[in-house]
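The following note is offered to a colleague who is looking at this structure for the first time. It takes up the strands and helices in numbered points.

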Amino acid sequence: MASKTYKVLRYKIVIMTLSFALIPLFALGITIYHQFNRAYTTKIKEAARALAENERISIELFFDERVAQLVTVANSHTLDKITDEEYLKRLFQKIQSKSKSFIDIGVIDENGNHLAYVGPHYDKLKSVNYSQEDWFSAVMTSGTYLSDVFMGFRKIPHFIIAVTRLEGNKPWILRATINSEIIDRIVSKAQVGKRGDAFIVNNQNILQTSPRFSGTLLHHPSSPDFSRARGTNVDLIQNNGEKVLYATSQFNMPQWVLVVVEDPLEEMTPLLEARLAGALILIGGVLLMVAGAVTITRAMTSELIRMEVDKAKSDDLLVQSSKMAALGKMAAGIAHEINNPLAIIGEKAGWMKDLLDKEDIKNSENWPEFEDSIKKIERQVDRSRTITHRLLRFGRRMEPTQDLIDVNTILSETLTFLENEAHYREISLETELDPKLPRITTDSAQLQQVFLNIVNNGIDAIGKKGKILIKTTSIYGDRPEIKIEISDNGPGMPKDMQAKIFEPFYTTKGPNEGTGLGLSISYSIMEKLGGRIVVDSEVGRGTVFSIYVPVV
């Protein structure tokens, strides 16, 4: 109770000191943070807007130049001349010498038939009729047409520019295929940073260029749908759990939208570093204030707390020592009291046996039952006498004596103490005893006390329904030993608890369930006997105590 009072006092002093010191500091930090955040958002939005508009203008200029080239060629040539494929080939080479943006070129009549074609797909396209294609009717109506990316008859992604020339009353079409890699290269210039991306979508939200991360050509992108975007816009949008900056810019022709994707954190690294420096300074100041307040208050109360704790430990030690002494005396007194009636019972059983031998009742039909009953009385008397002798040895604190013993026999005798308790709790005591163990010279009574303490702890740890396995093995080497392994399938112990279990009066049991001295006494006994105890436990998997006894 006193310790709790000191803790409350210490917390009050710390909280009051920090409140007056930290409120102004946090107010300053929050103000600086919001100023940084506002500047950061404004800067990246303006930069993204400018980037999207510039790239869109570059692509539109490219399209305008290509359309102007085709219009000039169509208006400066007659149908008869331009359908001469040799002439068209020389003309195409001349156009390509200035700009390699066209893949092929063709002349198509008002019925959709190819009149002339120059390009790498001559066999596929020369005989094709385009009258049923969407682009054919569009260019015949508008006079100029720039298509979306499509597969077409050649089965590879491409897009076309087509212009119509009216010669007399007879229209014809000059059609060229654009190298889409050029548009990809222009768009890729807007892919800023390691996570930046840029791509073009049509009015059906189909990718017209190949993005870095956002999808595949001619499929829907993984970003939000910007196909209906108008003008130039910049927005911070939550996508897949992250804030992403999207800048969109609408084309005049065709109906495309350029989408630029940026990572805000990546773009504003210098500003974020400045903000981080401010945050670190703020955190450092807070930690310094907390450390100072805690140090001062701890110095005021720690000495009194330490004194109270030491006094409580001394009182506990005295009480527990008195309990153990009283327990030893009580055990010895009970054993002596029980031995007296046991001696009388044994003596009377022997006398009855002698009388039966003298009387002529062996021919009686009850003779076998008389004889069997007397033998059982003698066996139970011997067994009770053995138990009381072990109880006397358990209650004594003696220096080690040297007896030639069999460890397996000592273990078997020890388990007889605990069989009833284990059976009551539905705990099975299983053994795997090595029959080839060497006999050793040690103190059997104290070794038995160690076994008893550890097995009993295992039973208490399991509580109900479990298993304890006792194994013995020989370890040969420079220092021969016998290893006794006592394992249970109880709840186990965390690592910090394992480091304390051999300390006096440390127990995980309730206030009225244990003294915390059993393992401490066992550890001390094994040190006197020249052996050692090792514990290995895992929460949820059980505990294993390994006892090593030297072979002497």
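Which residue in β5 does R165 stand opposite? R165 stands opposite W172 in β5. The points below set that pair in its surroundings; please keep in mind that the model is predicted.

1. The hairpin of β4 and β5. Strand β4 (residues 159–167) and strand β5 (residues 170–178) run antiparallel and are joined by nine bridges. Two residues lie between the strands of this hairpin, where G168 adopts a positive phi near 70°.

2. The five-strand sheet. Both strands of the hairpin belong to an open, antiparallel sheet of five strands, in the order β2-β1-β5-β4-β3. At its edges are β2 (114–118) and β3, each of which pairs on one side only. From one strand to the next, the twist averages 15°.

3. Further pairings in this sheet. Strand β1 (residues 102–109) runs antiparallel to β5, with seven bridges between them; here F102 stands opposite I178 in β5. Strand β3 (residues 144–146) pairs with β4 in the antiparallel sense over three bridges, and T144 stands opposite V163 in β4. In general, strands of a sheet pair through backbone hydrogen bonds.

4. A helix on the sheet. Helix α3 (residues 85–98) lies across β1 and β2 and runs at about 45° to β2.

5. The four-strand sheet. A further open sheet has four strands in the order β6-β9-β8-β7, with antiparallel pairing. Because β6 (197–202) and β7 (232–239) stand at the edges with a single partner strand each, one side of each is left without a neighbour in the sheet. Neighbouring strands of this sheet are turned by 25° against each other on average, direction ignored. The partner of β7 in one pairing is strand β8 (residues 242–250), to which eight bridges join it in an antiparallel run; the bridge partner of D235 in β8 is Y246.

6. The helix pair. The axes of helix α10 (residues 407–424) and helix α11 (residues 444–462) come within 9 Å and cross at roughly 40°, which makes α10 oblique to α11. This crossing of α10 and α11 is right-handed. Residues making the contact include V407, I410, L411 and F417 of α10, and F451, L452, V455 and I459 of α11. By class, the contact of α10 with α11 comprises eleven nonpolar, four polar and two charged residues; E413 and E421 of α10 are among those taking part.

Technical notes: Residues numbered from 1 in each chain as written. Predicted model: local features only at pLDDT ≥ 70, side-chain atom pairs only at ≥ 80, totals over all residues. Heavy atoms only, no water. Axes fitted to C-alpha atoms, helices over the stretch in contact; angles between N-to-C directions. Parallel < 35°, antiparallel > 145°, perpendicular 65-115°, else oblique. Left-handed = near helix turned anticlockwise from the far one by under 90°. Contact = heavy atoms within 4.5 Å. Nonpolar A, V, L, I, M, F, W, Y, C, P; charged D, E, K, R; others polar. Pairing = 2+ DSSP bridges.
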